[in-house]
Amino acid sequence: LAPYGQPRFADLLWSNVIDLKEDGSFWLDQRYFDYCAGLTMTSSKFHELFGGPPRDPESPISQRHMDLAASVQAVCEEVMLRVARHVHATTGLRNLCLAGGVALNCVGNGRVLREGPFERLWIQPAAGDAGGAIGAALLVWHHALENSRTPDPEDSLRGAQLGPRVSTDDVVAYLESINAPFTRFGQESILCDEIAQLLDEGCVLGLVQGRMEFGPRALGNRSIIGDARSMRMQETMNVKVKFRESFRPFAPSVLEEDVSSYFDLDAPSPYMLLVAPVVAARRKPGSPAGEARVGLDRLKEARSDIPAVTHVDFSARIQSVNATRNPRYYAIISAFKRRTGCPMIVNTSFNIRGEPIVNTPAEAYRCFMFTDIDALVLEDCLLLKKDQPVMAGAAAYKAQFSRD
């Protein structure tokens with residue numbers, strides 16, 4: 001939401017809420033928060049300072065909300081940059097690793113990469129609390145069991161595909177048990193070409209393949225995918241599939257070798273944790289009417305030749321894809337590039353708002369049937385919505401979500 005606003009509350013934050021030192025250390029006035037003793041993040045003192053209580057769920061988003069988001073984001077980025085600079089000055093090291101929930105702030109990460117003094121940046125893909133599981137396992141492996149460290153020079157997590165998977169035989173058994181029509185492909189290249197054709201035709205696809213990703217980002221194994229060139233794709237995915245606010249941007253999954261042709265980024269971003277600007281050559285000049293738009297109305301203006309993944313500030317949250325980390329996903333995007341010339345697709349997590357990312361074939365099929373997803377890929381099997389029998393409860397489920 002921050003790019004829709006102006007950071008007009010930043011000075012209030014600096015003068016009342018946070019005291020930031022040059023070395024990145026900071027102090028928060030806890031009178032403005034309630035997360036330690038209550039069930040809410042902010043307190044009545046915070047609400048009084050910023051002109052009102054928190055927004056009620058599903059209520060309209062005002063310019064004040066947008067400006068407050070922009071202000072908090074600006075302060076957060078400055079804290080991140082000062083911490084990074086202090087660490088570099090203290091250690092003299094060239095490489096920086098980030099973890100913790102704030103490391104999921106992709107815009108801040110992008111600024112640290114571009115403006116910070118480090119040469120290389122690596123961000124833990126499960127950077128929230130769940131990522132502590134990796135630290136616990138490594139602590140036992142290296143300290144308790146005294147195993148030596150043999151780090152991969154590029155990425156020891158190798159795509160973060162650490163979760164469960166299902167076999168095509170399991171998928172077929174489930175689909176047959178519910179009498180769901182499907183086509184099973186014996187050759188991966190043919191399936192990838194079929195997926196590329198559906199994407200080119202404007203279809204939204206659910207994709208389940210391989211082991212589930214570890215962390216909050218779907219990286220092509222439990223994803224909903226679409227055509228990044230489509231002006232309508234962002235709104236379609238948000239409103240008709242995810243049942244959430246239409247302003248939320250989606251990430252481009254782009255072939256690693258083509259990243260620099262579209263984005264101002266010269267580093268890999270395999271875990272969708274870096275935001276970078278769309279290069280000037282891909283941007284579209286704004287119309288007078290578009291320049292006059294404010295707030296969420298700015299969504300109506302195409303900003304590049306990949307509008308579905310270009311935010312209102314010409315930025316994008318990038319996932320770079322190579323054949324080593326995810327061969328099947330790479331093959332799908334490559335097939336789309338051969339067909340259209342575009343080396344990227346839209347990627348968002350395969351779930352409905354408020355629900356976890358799908359894992360089993362049954363969860364994927366239910367999400368497929370309860371939304372406006374057009375096709376579903378389960379390992380080597382392809383299902384088309386138009387061929388499926390009506391699923392009880394789908395209409396009532398959709399009706400419970402209001403539109404912004």
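These are my notebook entries on two helix crossings, one pocket and one cavity in a predicted model.

**Entry 1: helix 1 against helix 3**

I looked up how helix 1 (residues 10–17) sits against helix 3 (residues 63–91), and found that their axes come within 8 Å and cross at roughly 60°. Since angles from 65 to 115 degrees would count as roughly perpendicular, I have entered helix 1 as oblique to helix 3. The crossing of these two helices, helix 1 and helix 3, is right-handed. On the side of helix 1 the contact is made by Ala-10, Leu-13 and Trp-14, while helix 3 brings Ser-71, Val-72, Val-75 and Glu-78 to it. Sorting the residues of this contact between helix 1 and helix 3 by class, I noted 5 nonpolar, 1 polar and 1 charged.

**Entry 2: helix 6 against helix 12**

I then turned to helix 6 (residues 168–177) and helix 12 (residues 361–370), which pack at an angle of about 55° with their axes 10 Å apart. Helix 6 and helix 12 are therefore oblique to each other, and I recorded their crossing as right-handed. Val-171, Tyr-174 and Leu-175 of helix 6 make the contact with Pro-361, Ala-362 and Tyr-365 of helix 12. In the class tally for the contact of helix 6 with helix 12 I wrote down 6 nonpolar residues, with no polar and no charged ones.

**Entry 3: the second largest pocket**

For the second largest pocket I noted a volume of about 1,100 Å³. Its lining consists of 38 residues, and those that lie nearest the centre of the pocket are Trp-122, Asp-152, Glu-154, Asp-155 and Ser-156. I also asked which helices and strands each supply at least two residues of this lining; I found strand 3 (95–98), strand 4 (120–123) and helix 5 (132–144). Helix 5 gives the most to the lining, with 5 residues. By class, the lining of the second largest pocket divides into 20 nonpolar, 9 polar and 9 charged residues.

**Entry 4: the cavity**

Last, I checked for enclosed space, and a search of the whole structure finds 1 cavity of 30 Å³ or more. The largest cavity holds about 70 Å³ of space. I listed the residues that line the largest cavity as Gly-159, Gln-161, Leu-219, Pro-270, Gln-319, Ser-320, Val-321, Asn-322, Arg-325 and Asn-326. Going through the lining of the largest cavity by class, I counted 3 nonpolar, 6 polar and 1 charged residues.

How values were computed:
Residues numbered from 1 in each chain as written. Predicted model: local features only at pLDDT ≥ 70, side-chain atom pairs only at ≥ 80, totals over all residues. Heavy atoms only, no water. Axes fitted to C-alpha atoms, helices over the stretch in contact; angles between N-to-C directions. Helix = DSSP H or I, 4+ residues; strand = E, 2+ residues; numbered from the N terminus. Parallel < 35°, antiparallel > 145°, perpendicular 65-115°, else oblique. Left-handed = near helix turned anticlockwise from the far one by under 90°. Contact = heavy atoms within 4.5 Å. Nonpolar A, V, L, I, M, F, W, Y, C, P; charged D, E, K, R; others polar. 1 Å grid on protein atoms, 1.4 Å probe; cavity = no way out; pocket = protein on both sides within 12 Å on 5 of 7 lines; lining within 4 Å. Points joined across faces, edges and corners; volume = space filled by probe spheres on them.
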